[in-house]
Structure formats: C-alpha cells, structure tokens
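Subject: Structure for you to look over

Dear colleague,

Here is the structure I said I would pass on, with the sequence alongside. Please open it first, and then read the notes that follow with the model in view.

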Amino acid sequence: MAIIEFFPDPESLAVAAVQYILKIGCRAVEERGRFLWVLAGGSTPLKVYSLLAGQGSSQILDWEYVHLFWGDERCVDYQHPDSNFRSVQQTLLEKVRIPQANIHPIPVLFSPEAASRQYYDRINSVLSEGEGLINGFPRFDLVMLGLGADGHTASLFPSSPALHEKHRWVVYVPHDQKPPPLVDRITLTLPVINNAAHVIFLVTGSNKAGALKQVLSEGKSADPLPAALVQPHSGSVVWFVDSAAAAGLKSGPQHT
Ligand code: 6PG
C-alpha cells in the first residue's frame with residue numbers, strides 16, 4: 001500500500017525527504033552496520049542532495065557506513081552535464097566524508113552490455129558481503145526514484161522490453177526518443193527495485209500531475225505506467241509530492 005505525503009512546495013518536500021532518508025539510514029546502520037542506498041537521477045532530488053551535504057546530516061548519519069548506488073545512468077562521461085553521477089558528485093559527494101570505496105557509480109566508459117555486467121558485479125560483490133541478497137536479488141535499504149511526465153521511473157520507459165525483465169539486475173536501454181536527454185541508459189530492473197526494503201518517489205511540478213494521477217489511481221490497469229509497477233513485495237513505498245504535482249489527486253493533509 002503506497003503512502004502519499006503532500007507538501008506545499010519542493011523546498012518543504014526536500015526537508016521531509018531528508019528526514020526520512022536519515023531515519024532509514026540510521027536504522028540500517030544500527031541493524032546491519034551499513035546503509036545501502038540507491039540514488040535517483042534527474043533534477044528533483046538535487047535539493048535533497050544539497051540539504052544532506054549540509055553539516056547537520058553528518059552529525060546524524062555517519063557517511064563512513066553509507067554505500068551509494070545509482071538507479072540509472074545516462075551513457076555519457078561522468079563530467080557530462082547529463083550525467084547522474086556528476087549531479088550527485090557536485091551536490092553531495094564533494095561535501096561529505098564518504099569513503100571512495102563506498103561510492104558505486106554505474107560504469108559508462110564501456111559498451112553498455114559490458115557496463116551493465118560490471119555494475120552487476122559491483123552490486124553483487126558489495127551486497128553479498130552481508131545479508132544483502134534476498135530471494136536471489138539485492139535488497140537495498142532504500143531506493144529513491146523520480147517520475148517522468150510520461151510515467152517512467154529510473155530508465156524504465158513505457159512499452160520498454162526492460163519492464164518485463166525478470167532475472168537480470170541491470171539492463172541497457174537504448175533511448176532515442178522523448179523524454180530527453182536522448183542518450184542510451186543503464187538501469188536497475190523492477191525485480192531489484194521491488195526487492196527493496198523502502199522505496200521513495202520524489203515528485204514535484206505541474207508537468208508530473210497527469211502521470212502521478214494515472215500511476216496512483218489506475219489500480220489494475222491492463223497497461224500500467226512503469227512507475228505503477230514499483231510495488232515492493234516486502235517493502236514500503238512513500239510518495240513525496242508537492243501541490244503542483246498532486247493537482248489531480250484528492251489531496252490529503254498537507255505538511256506545512
Ligand atoms: C533519469 C532519472 C529519471 C528521473 C525522471 C524525473 O535519469 O532521468 O532517473 O527517472 O527521475 O525523469 O526527472 P526530473 O527529476 O528531472 O523531473
């Protein structure tokens with residue numbers, strides 16, 4: 001059952017998301033000695049990364065025990081403006097004391113198939129150290145996702161064959177149509193996302209209102225949008241949405 005948290009604006013949403021992430025992270029470190037966190041790409045999470053880079057979070061969460069992964073990546077150099085790694089590097093990684101060995105970006109300087117294999121190997125080697133593999137899939141403590149105006153999430157786009165992947169953890173997604181950027185992608189698959197302990201979506205802006213309404217209200221649609229397929233079998237989903245994105249929903253109590 002998805003939980004929806006309503007916020008008046010992106011700023012208050014980001015503050016609440018940081019509090020939630022820190023809560024999940026501290027609990028993971030206490031219980032399992034580390035926090036396995038999959039980051040979202042795109043622009044919406046950048047406010048969250050910037051807030052986490054502030055002094056406060058380092059007093060609460062010891063970055064020494066945090067492992068960062070990416071949910072998807074564009075097949076561009078890490079210094080390219082479209083790189084999801086670059087966004088996190090500039091807003092967060094340069095400002096917190098996280099061990100380099102705990103940063104696990106999706107490789108991009110190989111063929112997409114080789115990069116997917118490399119990322120699988122990295123995930124497998126890090127997560128199999130502890131009890132990080134459950135049901136034969138990685139169990140991340142937190143997977144953070146965005147929502148595209150077309151209902152995609154990570155790099156799982158409508159009508160993509162990747163939506164039907166049942167075994168591979170990481171796949172290459174050729175991407176030569178809207179939404180931009182028109183670059184090939186590498187993405188985690190639904191079996192991995194749906195094996196997570198906690199999933200959060202961060203959704204802001206009126207351009208997401210149509211997709212959000214369809215995802216949250218479509219029930220058992222014959223052709224669900226990709227984000228509607230995110231249903232962790234033994235985990236939680238919390239939607240952090242601002243008023244503009246929630247325009248089509250019967251909004252609940254607003255966090256003021
Ligand atoms: C990506 C993201 C993608 C993103 C949505 C929303 O690499 O583009 O993983 O799934 O979360 O497209 O993007 P914005 O936050 O920029 O609206």
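**The central sheet**

In β11, the residue that stands as bridge partner to Leu142 is His198. Before going further, please keep in mind that this is a predicted model, and that what follows should be read with that in view. The pairing of β8 with β11, to which this bridge belongs, is parallel and comprises 4 bridges. These two strands are part of an open sheet of 7 strands, in the order β1-β12-β11-β8-β2-β3-β5, with parallel pairing. Because β1 and β5 (103-104) each have a single partner strand, they form the edges of the sheet, and one side of each is left without a neighbour there.

Strand β12 (residues 236-242) is a good place to look at the pairing in detail. Strand β1 (residues 2-7) runs parallel to β12 and is joined to it by 6 bridges, while strand β11 (residues 198-203) also pairs with β12 in the parallel sense, again over 6 bridges. Phe240 in β12 shows both pairings at once, since Glu5 stands opposite Phe240, and Leu202 stands opposite Phe240 as well. Strand β12 is mostly covered, with 6 of its 7 residues buried.

**Helices**

For helix α5 (residues 112-127), the length can be checked against expectation: at 1.5 Å a residue, its 16 residues should span 22 Å, and the end C-alpha atoms are indeed 22 Å apart, which agrees. The buried residues of α5 are Ala115, Ser116, Tyr119, Ile123, Val126 and Leu127. They cover an arc of only 100 degrees around the axis, and therefore lie on the same side of α5. On the other side of the helix, Glu113 and Arg117 are exposed. As background to this pattern, an α-helix has 3.6 residues a turn, so residues three or four places apart point the same way.

Helix α4 (residues 84-93) contains Gln90, which is partly exposed, with a relative accessible area of 36%. Gln90 and Lys23 are separated by 67 residues in sequence, and their C-alpha atoms are 24 Å apart in space.

**Surroundings of the ligand**

There are 15 residues around the ligand, of which Ser43, Thr44, Asp72, Ala154 and Lys208 come nearest. For several side chains the polar distances can be given individually. A polar side-chain atom of Lys208 lies 2.6 Å from an oxygen atom of the ligand, and an N or O atom in the side chain of Asp72 is 2.7 Å from a ligand oxygen. In the side chain of Arg74, an N or O atom is 2.8 Å from an oxygen atom of the ligand.

**Backbone points to check**

Most residues other than glycine have a negative phi, and most peptide bonds are trans, so the following places deserve a look when you go through the backbone.

Ala154, already named among the residues that come nearest to the ligand, has a phi near 50 degrees, a positive value in a residue other than glycine. Ala154 is placed in the loop between β8 (142-145) and β9, and with a relative accessibility of 13% it counts as buried. That loop between β8 and β9 also holds Ser159, whose phi is likewise positive, near 65 degrees, although the residue is not a glycine. Ser159, however, counts as exposed, because its relative accessibility is 69%.

Two cis peptide bonds are found further along the chain. The bond from Lys178 to Pro179 is cis, with omega near 0 degrees, and Pro179 sits in the loop between β9 (170-173) and β10 (185-188). The bond from Pro180 to Pro181 is also cis, with omega near -5 degrees, and Pro181 too lies in the loop between β9 and β10.

**Cysteines**

How many disulfides does a search of the whole structure find? The search finds 0. As for the accessibility of individual cysteines, Cys26 counts as buried, at 18% relative accessibility, whereas Cys75 counts as partly exposed, at 25%. The cut-off that separates the two is 20% relative accessible area, under which a residue is called buried.

With best regards

Methods:
Residues are numbered from 1 along each chain as its sequence is written. This is a predicted model: local features need pLDDT of at least 70, side-chain atom pairs count only at pLDDT 80 or more; totals for chains, interfaces and linings use all residues. Side-chain values use heavy atoms; hydrogens and water are left out. A disulfide is a pair of cysteine sulfur atoms within 2.5 Å. Buried means under 20% relative accessible area, exposed over 50%, partly exposed in between (1.4 Å probe, protein chains only). Two strands pair if DSSP finds at least two bridges between them. The expected span of a helix is 1.5 Å times one less than its number of residues. The arc is that of the directions from the helix axis to the C-beta atoms. A residue is near a molecule or strand if one of its heavy atoms lies within 4 Å of it. A polar contact is a pair of N or O atoms within 3.5 Å; within protein, one must be able to donate a hydrogen and the other to accept it, and residues adjacent in sequence count only if both atoms are side-chain atoms.
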